[in-house]
Amino acid sequence: MKVVCVDGLLFPHARQVVRIHRKRRSLGAKKWQSETVYAVTDLPAHQAFPAEIASWARGHWIIENTVHWTKDVIFAEDVSQVRRHHTPAVMSALRDLTRTALDRAGWTNSASDRRAHTRPDTALSLHGIP
């Protein structure tokens, strides 16, 4: 990662530009893929040190790899056919509620916890309802 202070960039209020070069490999793949991404922040160098910016970038991937992956893969949110009115947002909130309830109950494997709580009586037990 490289962080550079800038002035006069075409982004209003831009103070620092970040270049992140990362390598990744898909599960089961042998080849590594290389990717370079850029970010812009309005925080000056005395408010956001390079180590902090790196921490924020890694923190983004923690969310992506836990919350978003769980919703996309375990709860199949991306293939949902729900498209009318506010229903997609409501269903997303219900998925978040379910994921949070399972997490707080101590379940660590999202796929198995979801399968273990498909019946109403087991799902209600997560919330302390006998």
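A polar contact is a pair of N or O atoms within 3.5 Å; within protein, one atom must be able to donate a hydrogen and the other to accept it. Two such contacts come up on this tour, which runs through a predicted model.

**Whole chain**

Start with the whole chain in view and colour it by secondary structure. Four helices and three strands should appear. Followed along the sequence, their order is β-β-β-α-α-α-α. The chain has 130 residues, of which 17% count as buried. Switch on the surface if the viewer offers one: the chain exposes about 10100 Å², and 58% of that area comes from carbon and sulfur atoms. Considering contacts between residues at least 6 apart in sequence, 35% join residues at least 24 apart.

**Confidence**

Next, colour by pLDDT. The average for the chain is 78, and 86% of the residues score at least 70. Where is confidence lowest, and where is it highest? Select residues 110–116, helix α3, for the lowest mean, 69; then select residues 33–41, strand β3, for the highest, 87.

**Strand β2 and H21**

Now select residues 16–24, which form strand β2, and pick out H21 within that strand. Is H21 buried, exposed or partly exposed? Its relative accessible area is 45%, and because partly exposed covers the range between under 20% (buried) and over 50% (exposed), H21 is partly exposed.

Show the residues around H21. Leaving aside residues up to four places away in sequence, H21 touches S34, E35 and T36. Which side chains make polar contacts with the side chain of H21? One is the side chain of S34, at 3.0 Å. Another is the side chain of T36, at 2.8 Å.

Then add V37 to the selection and draw a line between the C-alpha atoms of H21 and V37. These residues lie 16 apart in sequence, and their C-alpha atoms are 6.5 Å apart in space.

**Helix α2 and the nonpolar patch**

Move on to residues 87–104, helix α2, and select V90 there. V90 has a relative accessible area of 45%, so this residue is partly exposed. Extend the selection to M91, L94 and L97: together with V90, they make a nonpolar surface patch of about 330 Å².

**Last view**

To finish, show both sites at once: H21 in strand β2, with its side-chain polar contacts to S34 and T36, and V90 in helix α2, with its patch partners M91, L94 and L97.

Notes. Residues are numbered from 1 along each chain as its sequence is written. This is a predicted model: local features need pLDDT of at least 70, side-chain atom pairs count only at pLDDT 80 or more; totals for chains, interfaces and linings use all residues. Side-chain values use heavy atoms; hydrogens and water are left out. Helices (H or I, at least four residues) and strands (E, at least two) are DSSP runs, numbered from the N terminus. Buried means under 20% relative accessible area, exposed over 50%, partly exposed in between (1.4 Å probe, protein chains only). Contact means heavy atoms within 4.5 Å. Accessible areas come from the Shrake-Rupley method with a 1.4 Å probe; for residues, only the protein chains shown count as cover. pLDDT is the predictor's confidence in each residue, from 0 to 100. Patches are made of residues with over 30% relative accessible area and no salt bridge: like charges are joined within 9 Å, nonpolar side chains (Val, Leu, Ile, Met, Phe, Trp, Tyr) within 5 Å. A salt bridge is a side-chain nitrogen of Lys or Arg within 4 Å of a carboxyl oxygen of Asp or Glu.
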